[in-house]
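I am opening these notes to keep track of what I look up in this structure, entry by entry. Each entry takes up one topic and stays with it until I have what I came for.

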Amino acid sequence: MLVQQLLNALTLGAIYALIALGYTLVYGILAMINFAHSEVLMLGAFAAWALAGWAPAALGSGLWGAAGLLAAGMLGAGLVNVLIERLAYRRLRRAPRLAPLISAIGVSIVLQNAVFLWVSTQSLAFPQPAGTSAVSFLGASINGLQLAILGAALGLMILLHLFIARTRMGRAMRACADDLEAAKLMGVNADFVIAVTFFVGGALGGAAGVLYGMNYGSIKYNMGFLPGIKAFTAAVLGGIGSVRGAVLGGFLLGFLEVLAAGYIPNGAQWRDVVAFAALILVLLARPSGLLGERAAQKV
Amino acid sequence: MSAPPAAMLELEGVSAAYGRKIRALKGVSLEAREGEAVALIGNNGAGKTTLMKVVSGLLAPEAGRVRFRGRDLAGLAPDRVVGLGLCLVPEGRRVFPRLSVLENLQMGAYARPRGADAARDLDRVLAMFPILGRRRSQPGGTLSGGEQQMLALGRALMAAPQLLMLDEPSLGLAPVVVDQIFETLELIKRGGVSILLVEQNARRALKFASRAYVLETGTIVAQGEARALLDDPAVRQAYLGL
Ligand SMILES: Nc1ncnc2c1ncn2[C@@H]1O[C@H](COP(=O)(O)OP(=O)(O)OP(=O)(O)O)[C@@H](O)[C@H]1O
Ligand SMILES: [Mg+2]
C-alpha cells in the first residue's frame with residue numbers, strides 16, 4: 001500500500017514536473033507565463049492519439065509503441081509551441097507585460113475550442129501499453145504502467161539537464177536567460193534560441209500529455225487545464241525560471257496531493273486545498289519560491 | 001611614404017532616436033582606421049552609448065550610413081555584426097551572471113566558426129587575466145567589479161575582433177584596476193586591433209588614443225589628434241576640469 005502510494009506520488013509528481021519545466025524554461029528566457037501551455041500538452045496527447053488511430057499496426061501495443069506515441073506527442077506539442085511563439089508572442093516582446101499574457105490566454109481558449117469543435121467534445125480512449133499491468137516490487141504488487149511512465153519522465157529530465165548543461169545550444173539558452181541583449185552581442189541569434197526554447201518546453205509538455213493520457217487511459221479537449229494550472233503552481237513553488245525548482249516543485253506537489261488524498265479523511269476532496277494552501281504558505285515565507293533567485297540578481 | 005591605413009569603421013551622417021521625441025544622435029560622422037585607437041568623449045547623455053548601439057546593430061539608425069571594412073551594416077542584426085569582426089564591450093560590462101567564468105568566455109567565441117582557434121585564444125585571455133583562470137568555474141555574477149570588467153574584455157577578445165568597441169570600461173573601478181585595464185588595451189592595440197573607446201575619464205582616453213571626437217547632445221563638436229585636443233582650451237575646460 002505504502003509502496004503503491006509512493007509510486008502514485010512519484011508518477012503524478014513527474015508529470016507535473018515535466019509540465020512545470022515548460023513554464024519555467026519560457027519564463028526564464030522571456031519573463032512571461034505561457035498560459036497556452038496547458039493546451040500545448042493537450043495537443044501533444046491528441047497528436048499521439050491521432051497517430052495511434054492512423055497507424056496502430058505499425059506502432060504495436062508494447063513499450064516500443066508507447067515510445068512512438070511519446071515521440072509523436074513531443075514533436076507535435078513542440079511544433080505547436082514554436083508556432084504559438086511565432087504568431088502570438090514574438091511581436092509583443094517589447095509590449096507592456098499584460099499584452100503577451102492576454103494573448104496567451106486567447107491562444108489557450110482558441111486551441112481548446114478548436115479541439116472541442118473539430119475533434120471531439122467527449123473523452124477519447126487513449127492507448128495504454130500492454131504487458132505492463134502488474135509488477136512485484138519489494139513484496140508489493142505495483143502498477144507497472146506507472147513505473148514505465150515514471151521511468152520515461154525521469155529519462156527526459158536527465159536528457160534536458162544534459163542538453164542545458166553540456167551543449168552549445170544549452171549554453172546559449174542560459175546566456176539568453178541571463179541577458180538577452182548581451183547574448184545577441186556575442187553572436188547569438190536570439191529569435192532562434194527562443195524558438196528552440198519553446199520547442200523544448202512544448203515537447204516536455206507534450207510528453208506529459210501523452211503520459212497523462214496513458215496513465216488514465218483517456219484524453220479530452222479540456223484535459224490540459226487542471227494539470228496545467230497545477231504544474232504552473234509547482235513551477236512557482238520551486239521558483240519560476242529555475243529548472244531544478246520546477247522539478248522539485250512538481251514532485252512536492254505530487255506528494256502533497258497523494259498524501260492528502262491517502263491520509264486525510266475524505267482526502268480526495270481535500271487534495272487541491274492542501275496543495276494550494278501549501279503553495280500560499282511557501283510563497284509567504286519565500287516569495288521567489290524554494291529555489292528561486294531574488295529578482296535583483298538578474299541584471 | 002606608405003599609403004594611409006584603410007578605414008575600418010565609417011559613420012556618415014548617422015541619426016538615431018528613441019521613440020519620436022528623444023533624438024540622441026543628429027548626423028554624426030566619424031571614422032576609425034585600421035590599427036587605430038579612437039576615443040569618443042562627451043558628457044552624460046551626449047549619445048555615446050547610442051552610437052555604439054547603432055554600430056553594433058542593437059539600434060537601427062534613422063538616417064545615415066555605417067560601414068565596416070567597406071560593407072554597409074544597414075539592417076544587420078547584432079549577431080551578424082559580431083560575426084564580421086566588430087565586437088562591443090557594453091556599458092555596465094553585462095557578463096552573464098549565472099554562467100561560469102569559463103562559459104562566459106566560451107560565449108565570446110560563439111560567433112566564430114566552430115573549431116577555430118578558440119582554444120588558443122582562451123589560453124591567451126587566461127594568460128592576460130590570470131585571475132579569470134583561478135575563478136573559471138565561479139558564476140560570473142559573483143566576481144568583483146574589476147574582475148567582471150576583465151571578464152567582459154576577455155569575452156570580447158574571444159570573438160577575435162578586428163575592431164573592439166568599449167563603452168566606459170573604467171567606470172566605477174579602483175585606480176589600480178583602471179591602470180590594469182588600460183595596460184591590457186595597450187597590448188590589444190599593439191596586437192593590431194582597432195579600438196573605439198568611450199570614456200568618462202577623458203584625460204585617460206585622450207592619452208591612450210591617437211585621435212578623438214567630442215560628442216555634445218548628439219553632435220560632433222570637435223575632433224582631431226588626441227594630443228591636440230588635450231591641449232585645446234575649450235576641451236580642457238569642458239572635459240578635463242581645468
Ligand atoms: N532606452 C532609451 N530610451 C529613451 N531614451 C534613451 C534611452 N537610452 C538613452 N536615451 C537618451 O538618449 C540620450 C543619449 O543617451 P546615451 O546613453 O547614448 O548617452 P551617453 O553619452 O552614453 O551617456 P552616459 O555618459 O551617461 O553613458 C540621452 O538623452 C538619454 O536620456
Ligand atoms: Mg553611456
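**Entry 1, the interface.** I began with the contact between the two chains of this predicted model, and I noted that the area buried between chain B and chain A is about 2300 Å², with carbon and sulfur atoms giving 58% of it. On the side of chain B, I found that Arg94(B), Arg98(B) and Tyr110(B) supply 31% of the area that this chain buries against chain A, more than any other three residues. Counting residues, I have 20 from chain B and 23 from chain A in the contact.

**Entry 2, polar links across the interface.** I looked up the charged pairs next, and there are four salt bridges between chain B and chain A, while seven residue pairs are in polar contact across the interface. I then asked which elements give two or more residues to the side of chain B that touches chain A. They are helix H2 (78-83) and helix H3 (101-108) of chain B, and H3(B) gives the most, with four residues.

**Entry 3, Arg94(B) and its partners.** I came back to Arg94(B), whose side chain meets that of Asp179(A) in a salt bridge at 2.6 Å, N to O. Arg94(B) also meets Glu181(A) in a salt bridge, here at 3.3 Å, N to O. This pair crosses between chains, with Glu181(A) in helix H8 (residues 180-185) of chain A and Arg94(B) in the loop between strand E6 (86-89) and H3 of chain B. I checked accessibility as well: Glu181(A) counts as partly exposed at 30% relative accessibility, and Arg94(B) counts as partly exposed at 22%.

**Entry 4, salt bridges within chain B.** Over all chains the count comes to 24 salt bridges, and I picked out two that lie within helices of chain B. Lys189(B) forms one with Glu186(B), the closest N and O atoms being 3.2 Å apart; because these two residues are three apart in helix H7 of chain B, they are separated by about one helical turn. Glu186(B) is partly exposed, with a relative accessible area of 26%. I also noted that salt bridges sharing partners join Arg112(B), Asp117(B), Arg120(B), Asp121(B) and Arg124(B) into one network. Within that network, the side chains of Arg124(B) and Asp121(B) meet at 3.6 Å, N to O, and these two are likewise three residues apart, here in helix H4 of chain B. Are the two partners buried or exposed? Arg124(B) counts as partly exposed at 42% relative accessibility, whereas Asp121(B) is buried, with a relative accessible area of 4%.

**Entry 5, helix H7 of chain B.** I followed H7(B) along residues 175-190, and its 16 residues reach 23 Å from the first C-alpha to the last, close to the 22 Å expected at 1.5 Å a residue. Its buried residues are Val177(B), Val178(B), Ile181(B), Phe182(B), Thr184(B), Leu185(B) and Ile188(B). They are on the same side of H7(B) because they cover an arc of only 160° around the axis. The face turned away from that buried side carries the exposed residues Pro175(B), Val176(B), Glu183(B) and Arg190(B). I also looked up what covers the buried residues, and this includes helix H4 (118-128), helix H6 (145-157), strand E7 (163-167), strand E8 (194-199) and helix H8 (202-208) of chain B. Just after H7(B), Gly192(B) takes a positive phi of about 100°.

**Entry 6, Ser194(B).** I moved on to Ser194(B), which is found in strand E8 of chain B and counts as buried at 0% relative accessibility. Leaving aside neighbours within four places in sequence, Ser194(B) is in contact with residues including Met8(B), Arg33(B), Glu34(B) and Leu163(B).

**Entry 7, two helices of chain A.** Helix H6 of chain A (residues 144-166) has 23 residues and reaches 32 Å from its first C-alpha to its last, close to the 33 Å expected at 1.5 Å a residue. At its N-terminal end I found a cap: a side-chain oxygen of Asn143(A) lies 2.8 Å from the backbone nitrogen of Leu145(A). In helix H5 (residues 98-118) of chain A I looked up Ser108(A), which counts as buried at 12% relative accessibility. Val107(A), also found in helix H5 of chain A, is buried with a relative accessible area of 16%. Not counting residues up to four places away in sequence, Ser108(A) touches Phe35(A), Ala36(A) and Glu39(A), and Val107(A) touches Ala36(A), Ile84(A) and Ala88(A).

How values were computed. Residues are numbered from 1 along each chain as its sequence is written. Chains are lettered from A and ligands numbered from 1 in the order in which they are written. This is a predicted model: local features need pLDDT of at least 70, side-chain atom pairs count only at pLDDT 80 or more; totals for chains, interfaces and linings use all residues. Side-chain values use heavy atoms; hydrogens and water are left out. The expected span of a helix is 1.5 Å times one less than its number of residues. Buried means under 20% relative accessible area, exposed over 50%, partly exposed in between (1.4 Å probe, protein chains only). The arc is that of the directions from the helix axis to the C-beta atoms. Contact means heavy atoms within 4.5 Å. A polar contact is a pair of N or O atoms within 3.5 Å; within protein, one must be able to donate a hydrogen and the other to accept it, and residues adjacent in sequence count only if both atoms are side-chain atoms. Buried area is the accessible area (1.4 Å probe) that two parts lose on being put together, summed over both.
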